Amino acid sequence: MALARIPRLAALSALAALAACSNGSDSQPDLTQDPAVVEQGKQIFRFDTFGDETFWTDTLHMNEVVASAVDPTTALSVGLKVDSEALPAEVVQGIQNGSISLTSPDTTVALLKLNAVVGLKGTVENVNGKDTLTHLGTTCALCHSTVDNSFAPGIGKRLDGWPNDDLNPGAIIALSPALTPAQKAVYNSWGKGKYDPRFNLDGKNGPQVIPPAYGLAGIHKITSTGDGDEIAYWNRYVAVTQMGGHGSFSDSRIGVNVVNGTDDQVTSKLPALQAYQLTLAAPTPPAGSFDATAAARGKVLFEGKAGCAGCHSGDKFTDANDRLHLPSEVVSEPEPNGEPSYASRSATKMYRTAPLKGVWQHAPYFHNGTAATLDDVVNTYNVRKSLGLSGAEVADLVQYLKSL
């Protein structure tokens, strides 16, 4: 499935002149009301690699790894997802009746040819009469999309913006033959749903929970440390410094200045990409997933005795547009395993109050995943902030959080 030619490219290229990144500024115009631009951003989010095949193929040789050793069963086991809507009827039937093998890497190559593996984009060419994966790249959707499992576990309709908490990006990267044993050990230490977006720059190992990319409209600090005022800042950072896309990222606050390639494949796409992400609303809780009566009591506690609304304020449940917080103010530190404070590795050296809409969906919690459940979150606050909540009050507050 080739990415369709996108309309209005010339106009958006002109807008991209506004996207020069300097010290955290990547200011973008509001394009969320233009359906054509939003659709372009959707295609970029799902299918654009920004030219990162140079890294994933030429440097890490991941195309060779996938083609030789990653069958669909293995792929699903490390959290990769399959878009059921990209599967032709004959493929669906073949999976259902077992005529298509889920233990053959050739099937993975076939799925990549269909653009059906969420977050991976492969170039499949006929070499000596056989479909061969010649190039492989990654897209935003790899970490920030999942599926609804409507066809089978790991196979279903896309849920863009939902963090893929099943994904084990470190284990995937560690398959590369280009890495040293020491590097592989670090990557394999991260586990599911976590990624360290600084490790390849500062050499410190402190994996962070993959965050949701939904519910960000109207929020000016979109990372856990508030490094950028718009999503475009982080999109540029990830596209260039993490994915290996062709372009540049520079921020003197963290001492990072990276330039990949000579052809900028990032800047012109930032406005539309951000526009699409800003349309992704936080998901509402499933029917019957919380006790409404208890949640009502929890709301009173949230706004009163527990003091949550002091920081989780307004309709976005965050004060991030007004202030950031010192590490000494948060309950998520110290980091596990003696790792350095993540804030110390950031531009602001501080933390943003996380918005809570859709919080029921993206466990584990805190930037480092040290709270496995919402019960753990509330109990941690109760102890470290000396809130004096009873067991019943903790339970009510948890039900309120589940209702958001």
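This report walks through some helices, hairpins and single residues of a predicted model.

**Helix 14 and its cap**

Let's start with helix 14, which covers residues 292–303. This helix has 12 residues, and the distance from its first C-alpha to its last is 17 Å, close to the 16 Å expected at 1.5 Å a residue. Which of its residues are buried? They are Ala-294, Ala-295, Gly-298, Leu-301 and Phe-302. If you look down the axis of helix 14, these buried residues fall within an arc of 110°, so they line one face of the helix. Turn to the face pointing away from that buried side and you'll find the exposed residues Ala-292, Thr-293 and Val-300. Helix 16 is included in what covers the buried residues of helix 14.

Just ahead of this helix comes Asp-291, which sits in the loop between helix 13 (270–278) and helix 14. Asp-291 caps the N-terminal end of helix 14, with a side-chain oxygen 3.0 Å from the backbone nitrogen of Thr-293. Is Asp-291 buried, exposed or partly exposed? Its relative accessibility is 39%, so Asp-291 counts as partly exposed. Along the chain, Asp-291 and Asp-34 are 257 residues apart, and their C-alpha atoms are separated by 39 Å.

**Helix 15 and what comes after**

Helix 15 spans residues 374–384, and its buried residues are Leu-374, Val-377, Val-378, Thr-380 and Asn-382. Those buried residues pack against helix 16 (391–402). Helix 16 also turned up above, as part of the cover over the buried residues of helix 14. Helix 15 has an N-terminal cap too: a side-chain oxygen of Thr-373 lies 3.3 Å from the backbone nitrogen of Asp-375.

After helix 15 comes Ser-386, placed in the loop between helix 15 and helix 16. At 62% relative accessibility, Ser-386 counts as exposed. Its phi is near 50°, a positive value in a residue other than glycine. Why point that out? Most residues other than glycine have a negative phi.

Asn-149 is another such case, with a positive phi near 60°. You can find Asn-149 in the loop between strand 4 (145–147) and strand 5 (155–156). With a relative accessible area of 41%, Asn-149 is partly exposed.

**Two hairpins**

Now for some strands. The table sets out two antiparallel pairs.

| Strands | Bridges | Residues between the strands | Positive phi in the hairpin |
|---|---|---|---|
| Strand 2 (residues 120–127) and strand 3 (residues 130–138) | 8 bridges | 2 residues | Asn-128, near 55° |
| Strand 9 (residues 247–251) and strand 10 (residues 256–260) | 5 bridges | 4 residues | Gly-255, near 65° |

In the hairpin of strand 2 and strand 3, Gly-122 stands opposite Leu-136 in strand 3. In the other hairpin, Gly-247 stands opposite Asn-260 in strand 10.

Strand 9 is a nice place to see how side chains are arranged. In a regular strand, they alternate between the two faces of the sheet. Along strand 9, Gly-247, Phe-249 and Asp-251 point to one face and are buried. Ser-248 and Ser-250 point to the other face and are not buried.

**The loop between helix 14 and helix 15**

Several residues worth a look sit in the loop that links these two helices. Most peptide bonds are trans. Even so, a cis peptide bond joins Glu-333 and Pro-334, with omega about 5°, and Pro-334 is found in this loop between helix 14 and helix 15. Another cis peptide bond joins Ala-363 and Pro-364, where omega is about 0°. Pro-364 is found in the loop between helix 14 and helix 15 as well.

Glu-339 lies in that loop too. Its relative accessible area is 16%, and under 20% means buried, so Glu-339 is buried. What does Glu-339 touch, not counting residues up to four places away in sequence? Its contacts are Asn-205, Gly-206 and Pro-207. The C-alpha atoms of Glu-339 and Lys-204 are separated by 7.9 Å, although the two residues are 135 residues apart along the chain.

**Cysteines**

How many disulfides does the structure hold? The count is 0. Cys-143 is in no disulfide, and the nearest cysteine sulfur, that of Cys-140, is 9.5 Å away. Cys-143 counts as buried, at 18% relative accessibility. Cys-308 is in no disulfide either; for Cys-308 the nearest cysteine sulfur belongs to Cys-311, 9.2 Å away.

Notes:
Residues are numbered from 1 along each chain as its sequence is written. This is a predicted model: local features need pLDDT of at least 70, side-chain atom pairs count only at pLDDT 80 or more; totals for chains, interfaces and linings use all residues. Side-chain values use heavy atoms; hydrogens and water are left out. Buried means under 20% relative accessible area, exposed over 50%, partly exposed in between (1.4 Å probe, protein chains only). Contact means heavy atoms within 4.5 Å. A polar contact is a pair of N or O atoms within 3.5 Å; within protein, one must be able to donate a hydrogen and the other to accept it, and residues adjacent in sequence count only if both atoms are side-chain atoms. The expected span of a helix is 1.5 Å times one less than its number of residues. The arc is that of the directions from the helix axis to the C-beta atoms. Two strands pair if DSSP finds at least two bridges between them. A disulfide is a pair of cysteine sulfur atoms within 2.5 Å.
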